[in-house]
Amino acid sequence: MRFRHLMLICLPALLAACSKTNGPVRLDLIGASSLTSGNRTVSPNDTLTTRVYAVSNDDSLKRLHVEVAYSPGLSPISYPTPVSSFDPDKAPDDQTIVYLDSLIKPVFKASDPPPAGGEYLFNNAFVARATSGTEQWQYTIKDKKGESASRALRLTVRKADSAAVYHSYTAQLRPVPRNRAVPASTRDSRRVFLNLRTGLLLPKYAVLNRETTVQSNQLLVDLIAFSPDGNYVSLNAPADTSIFKLSPQRWPRNNRKATVLRATRLNDTDFTNITTVAAINNAFTAGTAFINPFNTDVLARNQVVAFQVTEKSVTYTGLLLVNNIVLGTSPQFTCSVKVTK
């Protein structure tokens with residue numbers, strides 16, 4: 001995928017926040033009260049924004065690469081009783097994902113004097129991890145000659161109920177209506193792909209690109225928020241071929257999870273009162289299959305959906321409560337999830 005710049009702002013304002021290091025390529029994280037530009041401690045599921053500015057003094061800027069290293073992995077830890085007997089060596093392995101790897105189109109003549117290789121501004125709005133641990137974001141920019149520059153920041157998350165017998169979190173997804181004129185940059189950056197076990201949210205460019213360098217992330221996708229016209233929202237497993245007409249080259253069939261979805265008679269109060277693994281499993285067992293087992297169809301506020309995911313021969317069961325749905329030209333879908341560890 002050729003990833004175009006998302007926004008341009010006045011260059012003097014940028015330079016006020018950037019380092020003054022000269023070199024073939026320069027990359028900076030822009031500092032501002034509303035932006036994350038350095039190491040910090042955040043809350044689980046915090047929505048954050050990092051703004052990356054790059055300039056090339058030699059050859060044209062060509063590629064932006066973003067990696068995220070999660071420690072100790074993304075998976076919630078199942079602690080023993082008592083918690084003090086937990087062996088740190090049994091924590092999940094560290095996990096690194098390629099968040100973005102894309103050709104870019106630099107901007108020329110935006111500054112006076114203009115840099116020979118152009119400038120580029122990337123606005124990354126993302127959600128912090130839902131489990132305790134750290135995540136390190138590494139941004140790397142390259143020009144056509146292979147000259148590069150990198151910057152990184154580390155986020156630390158501490159989740160108060162990490163010792164609970166199930167993992168819980170709240171997620172907000174923003175599906176893009178298919179029949180409305182939406183810029184490609186907006187469609188690509190909306191977080192519509194959800195990993196149910198961890199709470200990880202991913203945008204399109206972290207799952208699909210022309211170079212297939214992010215293809216391994218497809219195995220992280222359990223559900224996709226879908227809104228064809230902005231008048232309703234559904235949740236769909238990647239295996240739902242009735243909705244997604246994906247080429248096997250871009251999203252191989254072996255990478256499409258068959259997340260099982262079931263309707264329940266539970267309401268928001270019932271969801272709140274479920275506090276055991278047995279109750280979560282019982283709710284799934286008692287659930288009713290949708291007409292299409294990989295598609296919730298039209299969702300409503302306070303509806304509770306049961307789900308089951310198989311990942312590396314291990315099965316996880318959970319419940320998803322629809323907290324709120326905002327329809328229209330820019331739909332928003334907010335849900336709470338309880339999933340077995």
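Is Ser313 buried or exposed? In this predicted model, Ser313 turns out to be exposed, with a relative accessible area of 74%. That clears the 50% cut-off for calling a residue exposed. Ser313 sits in the loop between β17 and β18, and its backbone has a quirk too: phi is near 70°, a positive value in a residue other than glycine. Asp297 is another case, with phi near 60°. Asp297 belongs to the loop between β16 (288–289) and β17. At 47% relative accessibility, Asp297 counts as partly exposed, because the exposed class starts over 50%. As background, most residues other than glycine have a negative phi, and most peptide bonds are trans.

The peptide bonds offer exceptions of their own. Thr81 and Pro82 are joined by a cis bond, with omega about 0°, and Pro82 is placed in the loop between β5 and β6. A cis bond also links Asp112 to Pro113, this time with omega about 5°. Pro113 is found in the loop between β6 and β7 (119–127).

Next comes the packing of the interior. In soluble globular proteins, nonpolar side chains tend to be buried together. Here the largest nonpolar core has 42 residues, and the members that touch the most others are Tyr99, Trp137, Ile141 and Leu202. The top contributor to this core is strand β5 (residues 61–71), which supplies 5 residues. Apart from this core lies another, made of 26 residues, including Ala171, Val305, Leu320 and Phe333. As for Leu202, its contacts beyond four places in sequence take in Ile97, Tyr99, Val192, Phe193, Val207 and Leu220, and also Arg190, Arg191 and Asn217.

Helix α4 (residues 277–286) shows how burial can be split around a helix. Its buried residues are Ile280, Ala283 and Phe284. Looking down the axis of α4, these residues fall within an arc of 95°, so they line one face of the helix. Asn282, Thr285 and Ala286, on the other side of α4, are exposed. What do the buried residues of α4 pack against? The partners are a set of strands: β10 (166–173), β15 (260–263), β17 (304–311), β18 (314–326) and β19 (332–340).

Some space is left unfilled inside the model. Rolling a probe the size of a water molecule over the atoms shows where empty space is left. In this case there are 3 cavities of 30 Å³ or more, and the largest holds about 120 Å³ of space. Its lining consists of 15 residues, with Pro76, Ile77, Thr131, Ser132 and Ser162 lying nearest the centre. Sorted by class, the lining of the largest cavity comes to 5 nonpolar, 6 polar and 4 charged residues.

Three individual residues round out the picture. Asn195 is in the loop between β11 (191–194) and β12 (201–203). Despite that loop position, Asn195 counts as buried, at 3% relative accessibility. Setting aside neighbours within four places in sequence, Asn195 is in contact with Tyr169, Leu200, Leu220, Asp222, Lys257 and Glu311. Along the chain, Asn195 and Val309 are 114 residues apart, yet their C-alpha atoms are separated by 9.7 Å.

Gln95 lies in strand β6 (residues 95–104) and counts as partly exposed, at 24% relative accessibility. Beyond four places in sequence, Gln95 is in contact with Val68, Ala69, Tyr70, Gly73, Leu74 and Leu220. Leu220 also appears among the contacts of Asn195 and of Leu202. Between Gln95 and Ile141 there are 22 Å in space, C-alpha to C-alpha, and the two are 46 residues apart in sequence.

The last of the three, Gly38, is in the loop between β2 (25–29) and β3 (40–42). Gly38 is partly exposed, at 27% relative accessibility. Leaving out neighbours within four places, Gly38 is in contact with Leu153 and Arg154. The C-alpha atoms of Gly38 and Thr50 are 9.3 Å apart, with a spacing of 12 residues in sequence.

Methods. Residues numbered from 1 in each chain as written. Predicted model: local features only at pLDDT ≥ 70, side-chain atom pairs only at ≥ 80, totals over all residues. Heavy atoms only, no water. 1 Å grid on protein atoms, 1.4 Å probe; cavity = no way out; pocket = protein on both sides within 12 Å on 5 of 7 lines; lining within 4 Å. Points joined across faces, edges and corners; volume = space filled by probe spheres on them. Nonpolar A, V, L, I, M, F, W, Y, C, P; charged D, E, K, R; others polar. Core = buried A, V, L, I, M, F, W, Y, C linked by side-chain atoms within 4.5 Å. Buried < 20%, exposed > 50% of the residue type's maximum accessible area, 1.4 Å probe, protein only. Helix = DSSP H or I, 4+ residues; strand = E, 2+ residues; numbered from the N terminus. Contact = heavy atoms within 4.5 Å. Arc of directions from axis to C-beta.
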